[in-house]
Amino acid sequence: MFTFLRAISNRELLLEQMPIFFVSFLLANTFYKFGSFGLEVIAFLATWFVIDASVQLLHKLLKK
């Protein structure tokens with residue numbers, strides 16, 4: 001996580017990753033009730049990954 005935060009600029013962190021993080025967190029908090037913290041964290045991270053990948057793909061397609 002520390003490497004991730006150092007690798008991106010503050011602008012990217014605030015404008016791109018934080019909204020995606022909060023959407024993923026809200027989805028995970030609302031829908032993921034596995035009874036296991038570990039499984040819920042893994043599902044949250046997977047949700048964050050999928051949403052972020054989708055947003056990045058959309059940005060790439062819109063720039064063309």
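**Figure 1. Helix H3 gives the most to the lining of the largest pocket.** In this predicted model, H3 supplies four lining residues. The lining consists of Phe25, Ala28, Asn29, Tyr32, Lys33, Phe37, Glu40, Val41 and Phe44. Helix H2 (10-31) and H3 each provide at least two of the lining residues. The space in this largest pocket comes to about 170 Å³.

**Figure 2. Overview of the protein chain, with three helices and zero strands.** From the N terminus on, the order of elements is α-α-α. The C-alpha atoms fill a box of roughly 40 × 25 × 15 Å along the principal axes. The chain has 64 residues, and 17% of them are buried. Among contacts with a separation of 6 or more, 48% join residues 24 or more positions apart.

**Figure 3. Tyrosine 32 and phenylalanine 34, one of eight aromatic pairs in the whole structure.** The ring centres of tyrosine 32 and phenylalanine 34 lie 5.7 Å apart. Their planes meet at 15 degrees, so the pair is stacked. The cut-off for stacking is under 30 degrees. Phenylalanine 34 has 47% relative accessibility and therefore counts as partly exposed. Tyrosine 32 also belongs to the lining of the largest pocket.

**Figure 4. Phenylalanine 44 and tryptophan 48, a tilted pair within helix H3.** The centres of the two rings are 5.8 Å apart. The planes of phenylalanine 44 and tryptophan 48 stand at 35 degrees, so this pair is tilted. Both residues lie in helix H3 (residues 37-63). They are four residues apart, about one turn of the helix. Phenylalanine 44 is buried, and tryptophan 48 is buried too. Phenylalanine 44 also lines the largest pocket.

**Figure 5. The aromatic cluster that includes Phe44 and Trp48.** One cluster is formed by Phe4, Phe21, Phe22, Phe25, Phe44 and Trp48. Two of its members, Phe25 and Phe44, appear in the lining of the largest pocket. Trp48 is also in contact with isoleucine 20.

**Figure 6. Isoleucine 20 of helix H2 and its contacts.** Isoleucine 20 is buried, with a relative accessible area of 7%. That value falls in the buried class because the limit is under 20%. Setting aside neighbours within four places in sequence, isoleucine 20 is in contact with Trp48, Ile51, Asp52 and Val55. Tyrosine 32 is twelve residues away from isoleucine 20 along the chain. Their C-alpha atoms are separated by 17 Å.

**Figure 7. Aspartate 52, a buried residue with no salt bridge.** Aspartate 52 is found in helix H3. The nearest side chain of opposite charge is lysine 60, at 12 Å. A salt bridge would need the charged atoms within 4 Å. Aspartate 52 touches Gln17 and Ile20, not counting residues up to four places away in sequence.

**Figure 8. Phenylalanine 2, an exposed residue of helix H1.** Helix H1 covers residues 2-7. The relative accessible area of phenylalanine 2 is 59%, so this residue counts as exposed. The class begins over 50%. Phenylalanine 2 and lysine 33 are 31 residues apart in sequence. In space, the two are 28 Å apart, C-alpha to C-alpha. Lysine 33 is one of the residues lining the largest pocket.

Conventions. Residues numbered from 1 in each chain as written. Predicted model: local features only at pLDDT ≥ 70, side-chain atom pairs only at ≥ 80, totals over all residues. Heavy atoms only, no water. Phe/Tyr/Trp six-rings, centres within 6.5 Å; stacked < 30°, edge-to-face > 60°. Buried < 20%, exposed > 50% of the residue type's maximum accessible area, 1.4 Å probe, protein only. Lys, Arg positive; Asp, Glu negative; His and termini not counted. Contact = heavy atoms within 4.5 Å. 1 Å grid on protein atoms, 1.4 Å probe; cavity = no way out; pocket = protein on both sides within 12 Å on 5 of 7 lines; lining within 4 Å. Points joined across faces, edges and corners; volume = space filled by probe spheres on them.
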